[in-house]
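Biologist: Please show me the model. I want to ask how each label is earned.

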Amino acid sequence: MAVLYTQDLHKQYVLGQHIVKALKGVSLSVSQGEFVGIMGPSGSGKSTLLHLLGGLDQPTSGDIHLADRNISTLSDHQATLVRRRNVGFVFQFFNLLPTLSAEENILLPLIIDGKNLKNYQEALNDILKKLGMENRRHHKPDQLSGGEQQRVALARALITQPAVLLADEPTGNLDSRSGTDMMLLLQRSARQFNQAIIMVTHDPKAAAYTDRVVFLKDGLIADEISFSADDKQPDRLHGIMATQERLER
Ligand SMILES: Nc1ncnc2c1ncn2[C@@H]1O[C@H](COP(=O)(O)OP(=O)(O)OP(=O)(O)O)[C@@H](O)[C@H]1O
Ligand SMILES: [Mg+2]
């Protein structure tokens, strides 16, 4: 079942006299529990698409359905509620609050939604452990490395177990070992919690952990590769790089 789908999504940015057509008709459907990678050259519209999917910005035309609601027509207030209940975000710049500890940053979405934190202690400990962050829980963001801050941002997105997790370059600041750990965590999270994950990445190695890679080019879906669970990592990588090369020609 599709938890998220778009129909003919367009997004134009107006800059004075100039119009930038960032998305030119994107139709994409993502199932529950599916891990989707979005790739494409710089400026192809990846972040724009992710922002629209999460209801952070409005499309110029086209529809976005999230958890059975058409979010492209909701008021700001309604969109905020649908988003808070259903979507987790991990961004390129992860927006941690500097005065809060790692643990407090992770729990913040629950606090905002008025949840009883006692019910989440186990989930918190589990996520901190899986991310190798147990002994960093009382650190403030400026006492953490870039990679650790990124893991806090991921933990904050996972703690509410949202139906949809949106991630923009989640491995951007990580070394290759931590990057692999993060991909395995996302993969497991999709399976365990039946969570849809949409991840923008430039890294073919990261994309090779997904179920499907969607390639954007000039604001349109230019190609798509699906993997089966038996496909080996090197074969996946090869398929992704061959497609990238073909699209660059
Ligand atoms: N707020 C904005 N106002 C005007 N133009 C914008 C705005 N945001 C993005 N754009 C333009 O829209 C196009 C798509 O941008 P987007 O950020 O979606 O690209 P991207 O694929 O995420 O690139 P990157 O890989 O560099 O992050 C680009 O040409 C960009 O310059
Ligand atoms: Mg981007």
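Modeller: Start with the shell around ligand 1: four nonpolar residues, seven polar and one charged. This is a predicted model, where local features need pLDDT of at least 70, side-chain atom pairs count only at pLDDT 80 or more, and totals for chains, interfaces and linings use all residues. Residues are numbered from 1 along each chain as its sequence is written, while chains are lettered from A and ligands numbered from 1 in the order in which they are written.

Biologist: What makes one residue of that shell charged?

Modeller: Asp, Glu, Lys and Arg count as charged; Ala, Val, Leu, Ile, Met, Phe, Trp, Tyr, Cys and Pro as nonpolar; the others, Gly among them, as polar. The shell includes Lys 46, so Lys 46 counts as charged.

Biologist: What puts a residue around ligand 1?

Modeller: Its C-beta atom, placed from the backbone, must lie within 6 Å of the molecule. Tyr 13, Gly 43 and Thr 48 are among those listed. Helix or strand labels are DSSP runs, numbered from the N terminus: helices are H or I, at least four residues; strands are E, at least two. α1 gives the most to the shell, three residues.

Biologist: Why is Asn 70 called exposed?

Modeller: Exposed means 12 or fewer other C-beta atoms within 10 Å of a residue's own, buried means 20 or more, and partly exposed lies in between, with C-beta atoms placed from the backbone. Asn 70 has 12, so it is exposed. Asn 70 lies in strand β5 (residues 69-70).

Biologist: How do you know what Asn 70 is in contact with?

Modeller: Contact needs C-beta atoms, placed from the backbone, within 7 Å. Leaving aside neighbours within four places in sequence, Asp 63 and His 65 are in contact with Asn 70.

Note on methods
Two residues are in contact if their C-beta atoms, placed from the backbone, lie within 7 Å.
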